[in-house]
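Reader: I am new to this structure and would like a close look at one part of it. Please start with a pair of charged side chains and work outward from there.

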Amino acid sequence: MTLTPTLVLRSLAVAALMVAWAVAAHFGSAGHGSPDFNAALGVAPIVAAIAMLLWRVRHPLWVAGSGVLLAAALAWLWPSLRQNVALLFFIQHFGINLAFASLFGKTLLGPGDALITRLARIVHNGVLSERNRRYTRQVTLAWALFFLASATLSALLHALAPAEVWSVFANLLTAPLVGLMFAAEHLVRMRVLPPEERPSIAEVVRVWRLRAAAKES
């Protein structure tokens with residue numbers, strides 16, 4: 001993957017947007033600022049996810065009808081949402097971590113490949129050594145436990161700690177912790193697997209771009 005000025009600027013813009021959202025979410029969760037703005041910030045990722053799902057439907061009537069229902073639901077729930085901003089952000093953070101824990105964990109059940117094993121097969125054109133298969137299964141378990149621990153800690157802090165403490169963990173520390181998890185996994189992979197079984201990030205991105213393009217065509 002070639003780093004072009006456009007790609008660099010786009011990546012920096014996305015990173016800046018993520019940082020700005022995290023900081024705004026932190027202050028909103030802690031009860032600072034306008035309740036309406038904080039509630040809008042809290043529901044924005046949910047609305048965006050629903051919009052992406054509707055976009056894949058590609059049926060104008062379904063999209064229009066679902067959009068009207070979503071707008072009506074938000075209008076009806078808005079008084080409650082603006083009064084329970086901290087709970088809104090907690091449900092979002094807890095739910096996302098629990099969903100990712102389930103995504104990784106359910107692939108460990110049964111005789112099939114674990115999630116990261118499936119990704120590795122795509123990168124290596126379906127051929128994996130037993131060592132790589134065992135390692136990717138262990139990494140899948142590690143990610144499932146990571147997200148489960150994050151969800152558990154989120155629930156405990158929300159129930160027992162001040163809102164500011166929970167907000168620091170959920171809004172300001174979650175992304176760095178995920179980055180540290182990636183870095184730790186990379187270091188372990190460098191130690192455990194030989195060079196020919198360690199794909200670069202560019203290779204993984206290239207394969208997934210081709211796979212996504214094939215799905216959309």
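Which helix holds both Arg-133 and Glu-130, and how many residues apart are they?

Author: Both lie in helix H6, which covers residues 130-160. They sit 3 residues apart, about one turn of the helix. A helix here is a DSSP run of H or I with at least four residues, numbered from the N terminus.

Some ground rules come before the details. This is a predicted model, where local features need pLDDT of at least 70, side-chain atom pairs count only at pLDDT 80 or more, and totals for chains, interfaces and linings use all residues. Residues are numbered from 1 along each chain as its sequence is written, and side-chain values use heavy atoms, leaving out hydrogens and water.

Now the pair itself. The side chains of Arg-133 and Glu-130 form a salt bridge, with N to O at 2.8 Å. The term means a side-chain nitrogen of Lys or Arg within 4 Å of a carboxyl oxygen of Asp or Glu. Side chains of opposite charge can pair when their charged atoms come close. By this rule, the count comes to 6 salt bridges.

Glu-130 has another partner. It forms a salt bridge with Arg-134, where the closest N and O atoms are 4.0 Å apart. Glu-130 and Arg-134 are about one helical turn apart, because 4 residues separate them in helix H6. An α-helix has 3.6 residues a turn, so residues three or four places apart point the same way.

How covered are these side chains? Buried means under 20% relative accessible area, exposed means over 50%, and partly exposed lies in between (1.4 Å probe, protein chains only). Arg-133 has 28%, so it is partly exposed. Glu-130 is partly exposed too, at 46%. Arg-134 has 42% and is also partly exposed.

Helix H7 holds a salt bridge as well, between Arg-189 and Glu-185. Their closest N and O atoms are 2.8 Å apart. These two residues are 4 residues apart, about one turn of H7. Here the cover is greater than the cut-off demands: Arg-189 is buried at 18%, and Glu-185 is buried at 15%. Back in H6, shared partners join Glu-130, Arg-133 and Arg-134 into one network of salt bridges.

Stay with H7 and look at Thr-174. H7 runs over residues 163-192 and includes Thr-174. This residue counts as buried because its relative accessibility is 17%. Its side chain reaches the backbone oxygen of Ala-170 at 2.8 Å. Beyond its neighbours within four places in sequence, Thr-174 is in contact (heavy atoms within 4.5 Å) with partners including His-93.

His-93 leads to helix H4, where it is one of the buried residues. Others there include Phe-89, Phe-90 and Asn-97. H4 spans residues 85-105 and has 21 residues. From its first C-alpha to its last, H4 reaches 30 Å. That is close to the 30 Å expected at 1.5 Å a residue, the expected span being 1.5 Å times one less than the number of residues.

H7 has an uncovered part as well. Leu-180 lies in H7 and counts as exposed, because its relative accessibility is 55%.

How values were computed
Polar contact = N/O pair within 3.5 Å; in protein donor to acceptor, adjacent residues only side chain to side chain.
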